[in-house]
Structure formats: C-alpha cells, structure tokens
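Reader: Could you take me through one part of this model closely, and then show me what surrounds it? I would enjoy a connected account.

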Amino acid sequence: MSIIDLKGILTPMTALKQIGKQPHTINFPDEQKDISPRYRGFHYNDLEQCIGCANCATICMNEAIDMVALAGIEGQAGDSGLRPQIDYGRCCYCALCVDVCPSGSLNMTQDFIKVSPDPFDFLMVPGKDNPDAKDKLSFTADMDTSLNVFDRVPMRELDPEERVKSFAEVFLGYNEEEARIEASRCISCGLCTENCPVHMHIPEYINAIAKADDEAAIKIIYDNNDLPEMCGKVCTRRCEDVCALQVRGEAVAIRWLKRYATERAENADMIAEIVNPEIREPNQYKVGIIGAGPGGLTAAYYLALRGYNVTVYEAHKDPGGMIMYGIPKYRLPYESIQKQVDYMKKVGVKIHFNTVVGKDITFDEIYNNSDAVFVAVGLQDAWNLGIEGEDADGVWSAIDFLGKVNSGEQVDIGKRVVVVGGGDVSIDCSRVSRRLGAEVYQSYRRRIQDMPADLEEIEGAEAEGVHILPQTIPTRVIKDENGKVKGLEYVKAEMISEGGGRPRPKPIEGSETLIECDAVIAAIGQKADYSLLPEHILAKLEMQKNKIVVDENRKTSIPKLFAGGDAVVIGRNDAISAIADGFVATKAIDKMLMGKK
Amino acid sequence: MIEKETTLYLGPQHPGITGNMMIKLKVKGDVVTQAETHVGYLHRAFEKLIEGRNWLQSFTLLCRFCVPEPDPMELTYARAVEQIEGREVPPRAKYIRTIVAELARIQSFLLWYGGQSGSSGLYTLGQWSVGDRNYILDLFEDLTGARIYHMYMWPGGVRRDLPEGWVDKAYKTMDYLEKRLEDYNKLLFDNAIFQKRAQGVGIIPKDKAIEWGVVGAPLRGTGIKHDVRIDEPYEAYADLDFVVPTYEGGDVWARALVRRDEIKQSISIIRQALDKMPGGSYYNRIPNPMKWTVPAGEAWVKTESVRGEIGFYVVSDGSNKPRRVHLKGAAYTHGVSVLEKILPGQNIADVSFILNSLGVCPPEIER
C-alpha cells in the first residue's frame, strides 16, 4: 500500500470516536423497550363481547385460528358459544382477524414475549389465557378502520305523502345493483341460520346473490321455505336481530335480499322452472291439512314433494290465512301470495276453498280418511279490551277490520280513529286507517321503545302521520245516544320498575283524558277458535292457555294429529314460525308414515 | 498460474449469500473461470398459493416475497389491483405510500451497507447501519404495527392513518440519518480497503446492461439514467423534486456510490412528502374482503423497488381471487443471469462481494 493511501487508512479510524457512546441496544429486562401504541403483538379477545362468528378464523389463511368451546360460555341467540384459539406457531400477526372482527372484541396487544419449553403453551385462547393483556390493547378493531361494511344499502320507499293515498307497496325492493352490494356485506357466519325458526340457508343464498346467481339463490331459498316472497316482504326477521354486523352497525338486509331474489321469478311458471324440485313417486298415503295459512301451505307443499296425496281445507275464498287477511296490501300484495300458491298447486297441492271444517265437512271425515292430519287454524278471535262501552257501534277488533279491508269491503271508520295496542297488527291498523283517510291516534300502555312492533313499521307509521300516544291506558268508550262511538277515555301511566322484569305501566290517578273519535280499533292480540273440532277430540286434546300442546315434532296428544301455526304452544305468533311448524311436521309425518312400511 | 480446474460450491448455506442459493464455481487457482447459479432451495410457491386466496389475503404472502424489501411488493400489487378495478387512491394515501416506499428503500440500503462492507471484511459499518435501520423500523412499527412485514399498503390506499406525532418523529429520524451518512462515508467510501476491493471489480459493460436486463443501482452504476419514479411517475413522485444519481464504470464501486446518493435523495423525498402531506381520507374502502370481487381484466404495473424496476402481472377472472399473479423481480435477472456473465475472471473472494453489490435476494428469485 502506497503512502498516498494514508488518508484511506486513517479516516476509518475516526470510528474510535464512537467508543463510549450509548449503544442502540437496551439492557433487557432491566430496561423495557417502548412498544408502539399500534403494535401487532399477541391477541386479546373480550370474551363477553365476542359472538363467536368465526370471521377471524375464516380470513386467517394460515389456519392459525380454531373456534373452540369454553367452559362457562354457552351458545345462545346471536352467539355460537365458540371462541377463537390461536396457534402462535402459525400466526403471522397480519391482524386481518382484527380488521374483520364485526363485534370489535378481537384486538392485538403490545405483548410479544413468551418463553416456554412446552409447544402447547403457544396455543392460546386470547382473553382466557392472557387476561392481563386487556390493559395493553394496541392494534384495535375500530369502526373506522374495520374492513366490515357496517352501513346497509338503504331501501327505496314511497314518499309518506304518496303512501297514504293508496294501498301501493311502500317498499320498492332492491334493484340488481343494490342487491349485489348489500349481499356482499354478509360475512357468512351463519348466526342468522341458527336463529331462523326454519333455519333457512341464509349465508348460502346471500352468497349466490352476491355472485349474481339469482337462480341458485331461489333454489336454495325454496329448499326449506315455500313462501319466501312473503317472508321477503313481511317476515319478522329474527335472523337480522342476531346478524354479526348489527353488534356495531346495521344488520345485513336479509329479508330484502330474499325479496329481491324471489321477485326475480315473476310468475308461478318461472318459479317451477327455476326451483324444478325433485318430486318423489306418489305413495298411497293421504294427508289432510286444515287451514291454508303459512303453516298449512308449508306442510302441504313439502308433503306433496315427498309424494303424499295432500288436501288442504280452507274456510275462506283465498289462500294465505292471516298473511292474506291480516297483513295489509301495502306490505304484501295479493298477487304475491297468489303467485306462490299457484306454484304450490303445480307441484300437486290440492286446496278446497270456502270449505269450513265442522260445517261443509266434518273433522272426523277428514281424520278418518287421512293417514295424518295437520291442523294450522291460527288465532281467529280477538281479545276484548275489557272496558266499559266496548259494545258500541264503531269499536272494531283488528282482525275484523283488517280482514274486511283486505277483502275489499267498504269500511266506514269515520274521520278520527284510535287504535289500541303496540304490536305489528296495531301498526297495520293505524297505517290502514290513514290510507282510509282518517286521522289516527294510537294508544299504547308502555313507552314507544317498548313496543313489540318492528321499529321500521313504527317509523313508517309516524312518517305517515300516525300520532302515537305512549303510556296511555284506555278506560272507557264513550257512546252517543245512538250507541255509536263518540270518544275514548284514557288515563296516563308512569313506568315502574319492579323486580327484574321490564317496567310496568301504572295509571296516574286523576289523569283521565278524553279523545274524541269515530272508531276504536282494538289490536291487543287474538285467541284461537276451536269450534271446528268435535267434542270427543277436544276432550282428549291437551291444551294450555288456549293453545294446543305439541311436542318438538308438532305432534299433538291425539294419534296421527299434528298441529302448527299460531295456535300451538311452540314458537312465536308469526308466519315464519308457522312455516317452521309446517316444515317440522312434514318431516315427522313422513317419518311416521314411511316407518310403517 | 495454476492450470488445474477445480469445482467449488458456494452455498446454498453461506454467510456471503443473503438467502439460500448456490453458485457452482469452476476455478483455476483463485480465479473464477465459470459460474453457474443454482436456485430452488427456497421455493415456497407463493405465486401459486395466492391463486387460492382472496384478493386481500394475498397480502400476507406478498410481503414475504423478499425479506429486505416487503413494501414495494405490497405497493406494486395494490397498484395492479387498483388499475384493474379502476379504484381511486386518495391523495393523502399516495403521499403516505411514497413515504413508506422511500423508508423501505433507506432501510434496505442500510442492510445492504452491512452486507457490502461485511463481504469485504469491514464489519463495523454493518453494526452501525443495522442499528440505525432500527430507527426506521421504529417508524414502521408506529405507522403499521409491525417492523418488517407491514401489510400496510393495500388497494384503495393504506390501512391506517398517520398516528399522532409520527411526522415529527420521521423528521427527526431523517435528520439523524443524514448526519450518520457522513460517518458511513468515512468508514466505507474513504476506506482504502473498500476502494481497492470495489473499484474495477464486477464490471457490467454499459453497452450490455440494457440487453442483459439490468435494472436499479447496477444499471445506474453504468451511467444509464433509468428510474420508474421519473420515467413513469406513480403515487406522489411527480409532485416531488429529486434527481436520479448515476455513475460511470459499472463496477461495485459505482453501484455503491449510486446507493449512497440514493439514500440522500430518499431522505429529501420523505421530507418533501411530509411537508406537502395533504389532508383528507387515507383509504378508499374496499367492500367486505370475503366477497370482494375484482372485475375480469389484467394489469402490468411497474415500480422502482430498492433493487430496481419490478413489475406485477395480475390477472382477474372476475372472482374473489386472483387468477394469476406474477412478479418480474430484479433478483432473478441479477442473481441468475448477470452474475453468471460477470463472474468469470474475478477472484473467488470477490464472488460474495459482487453478489451483494447486485442486490440479489434469493427469496425473490423463487417466490
């Protein structure tokens, strides 16, 4: 090396200056490193908040996440009861699981050091195995950074001012683009399926809609629901109550998506062509079904598919039962029901209309000529208000009122109406009354937030100008000299919490108020009318609070007699529960009769 | 002069090779007469695996294509998907992405300092530069939640906004690094050993560089000015002032000088981007990733990665998964073909030294 390179030899020596400087490193564990507030370390899962939807496990491409059952956590509506367990030998800390967690329970923490000779120590249930990490949350599942789409595609609807002018359908339905976008929000967790009385294949048909395969969706839907278009319009949608997205945002519009798919089949022929169900060879068994409501029709349809000779007896001139006579046409048009029933007829369901059992044909005749009988007669009688003056001219029961309006009869309710009740039926009465041109007041015992009616319906009613009078208890119907309704007297109520139950209304003394009106519609519930059943059957039929006792197969205490719909002790009083009854009874009847062979 | 030819295997496990690959050398004495690169020790079939994952899940694999520079992979793939889908990226996200891409460049060059000096026997600088690199990784940790595999830039923008105080921290880190570069110069470029080892070694002829497909610092080290950031600007580069350093010679020395100058340019780019950082959204949301479909189509998108121009060819068949994802990286050209061409005539001791100067990353060759 020549002397000229002396600079090249000496300059690097300046590195010696660095001696004595602080090193980059820290003296662990005496010194702790500052961990970033956004660090992606071990997970922490809030076990209470977690709903076990398994979206974390689904997105994890390392298959590091398993859903496991934990002692003390039971499955319930909207919660699978399972919680994620993470294998840290597989986890790559990408935190996609955090960003797709719909409930926001799964977060990452600043913890990243774990030393153990036992490989199974790295199989952790976050939240259970590291409760202390709760205070070190770092990479969190916030709403604004979440990959879930929390906002639903709004449903287009008629303007309230337009609505009250006719019985035109209020909700206009999704168009194709809206349906695809809405369907793509679904995370396919299946919590909805669990909570649906018929356990419809919800994630599967939503997936088909998202993939623009509407025909596949229709086929999947008809697998266990024969009245899906009706459900798509008016179902009480318990599926949406437990949607994983509703924990922090808006549930997927499962009902509207079902409506979208089923409306693609414009008539019965199209349904038959798309669904193209497999119909078994006819067998020698006959099944009699009493009542062509959702319960009866469902049993009839699925039994017909299984080769049974099915006959339905219906007292009215049209099919559908309560969905035909109880649900206003602005929610469920006549043509929609007719279309679905026409399709059922195509697969072999026979319906005798205008046939009142007990009058036109006896129950015994049906019972003796059938190998099984399914009774789904619904709740035909209204409960009375039980107040003075209820016999006045102009006091209606909801069921009579809606039945008459739906049948196209002229109904005179005058200029001002008071509807009593807080359920869906009461809202229907109020909104129908608005369409008949009346000024409508609705009296409800509790607060608006306590109303059992669908919030969407309540808002719809208010938008149409229905005045809701919460915390009011009717005490007296005032009549004029002709015995006609002149007004309704009510007392105001205060809410009292006693015990653990929901707050109870207590009348406030001296708060009597009179509201002048021309009609009062009582919509406080219905009860069953069993006059079609003969004495000897009623004597043996086990009943409970006016409802027929059935087992989980919808079998009554009488041989080969099954029952379903609103008039049985199982399920809620809604169409989808009736469909579930019909579906379950179908399977039980099939098993009973095929077992004979 | 020894006439007997001997076969020598360098790798697949060798401290001079940054990953697993093997170079089969024919040597006479300590002079290489023929070199043959053998890869296949690190094949993970990432491109194939991505075909079985949805568009977002792919990102956890993409960043693992190459350990020293995960970010350009994310960025290029994200841009390709955005191009097929026609998804807009908010201006703020473009600036953040530019900063991340330049931080990635600096941290990768700091790692290169370690490899380049280490392979010439100068170990001190490697300790310094890797130590200083951690301050950049700290920035990444604050911004993305992770130090190496960020999973941060994805279609529509970036995953999280700049955290509070991050901009100040970034300015301070840049100031610190700028000062440290002078120390590095004294240890490496002013060092007689490095000068002797690097000058005139591993020459890529200027007239062959384009033909051989050389990109990045090795190309600019032959005096050819080519940089995707300038030629086809993406993200925020068009709004920012910077020069592309070039040096003549095509040897290890020229390539080292290019990288040294590029760090300075990157620091300047980051400062400008921080100064001009626009407000607004950082992310144009994608739909639910489980059901997110990208319209049928294809895209070929180029980015100036740390090691030069890389490109992603992405094909969508309209489903929620890519039909094909292909990376054209710099490492394959440099590590397999160029290396074989320039090694004959070089000293055995310079093989790792030259390999480092080409910026070869075996994981990226194999994917």
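Author: Happily; here is a close look at one cysteine, followed by the domains of its chain and the contact between the chains. Please keep in mind that this is a predicted model.

Let us start with A:Cys196, which sits in the loop joining helix H6 (191–195) to helix H7 (202–210) of chain A. Is A:Cys196 buried or exposed? A:Cys196 counts as buried because 24 C-beta neighbours lie inside 10 Å, and the cut-off for buried is 20 or more. Leaving aside residues up to four places away in sequence, A:Cys196 touches A:Ile202, A:Arg238, A:Cys239 and A:Ile576. A:Arg237 is 41 residues from A:Cys196 along the chain, yet 7.7 Å separate their C-alpha atoms.

Now for the wider setting. Chain A is divided into domain 1 (43–136), domain 2 (160–274), domain 3 (282–377 + 529–594) and domain 4 (382–526). The centres of domain 1 and domain 2 of chain A, taken over C-alpha atoms, are 32 Å apart. Their contact draws ten residues from domain 1 of chain A and nine residues from domain 2 of chain A. On the domain 1 side, five residues are nonpolar, five are polar and none is charged.

Finally, the two chains meet through 34 residues of chain A and 25 residues of chain B. On the chain B side, helix H5 (123–144), helix H6 (166–187) and helix H7 (192–198) each supply at least two residues. H5(B) gives the largest share, five residues. By class, the chain B side that touches chain A has nine nonpolar, nine polar and seven charged residues.

Definitions and conventions: Residues are numbered from 1 along each chain as its sequence is written. Chains are lettered from A and ligands numbered from 1 in the order in which they are written. This is a predicted model: local features need pLDDT of at least 70, side-chain atom pairs count only at pLDDT 80 or more; totals for chains, interfaces and linings use all residues. Two residues are in contact if their C-beta atoms, placed from the backbone, lie within 7 Å. Helices (H or I, at least four residues) and strands (E, at least two) are DSSP runs, numbered from the N terminus. Ala, Val, Leu, Ile, Met, Phe, Trp, Tyr, Cys and Pro count as nonpolar, Asp, Glu, Lys and Arg as charged, and the others, Gly among them, as polar. A residue is buried if 20 or more other C-beta atoms lie within 10 Å of its own, exposed if 12 or fewer, and partly exposed in between; C-beta atoms are placed from the backbone. Domain bounds come from an automatic or database domain assignment.
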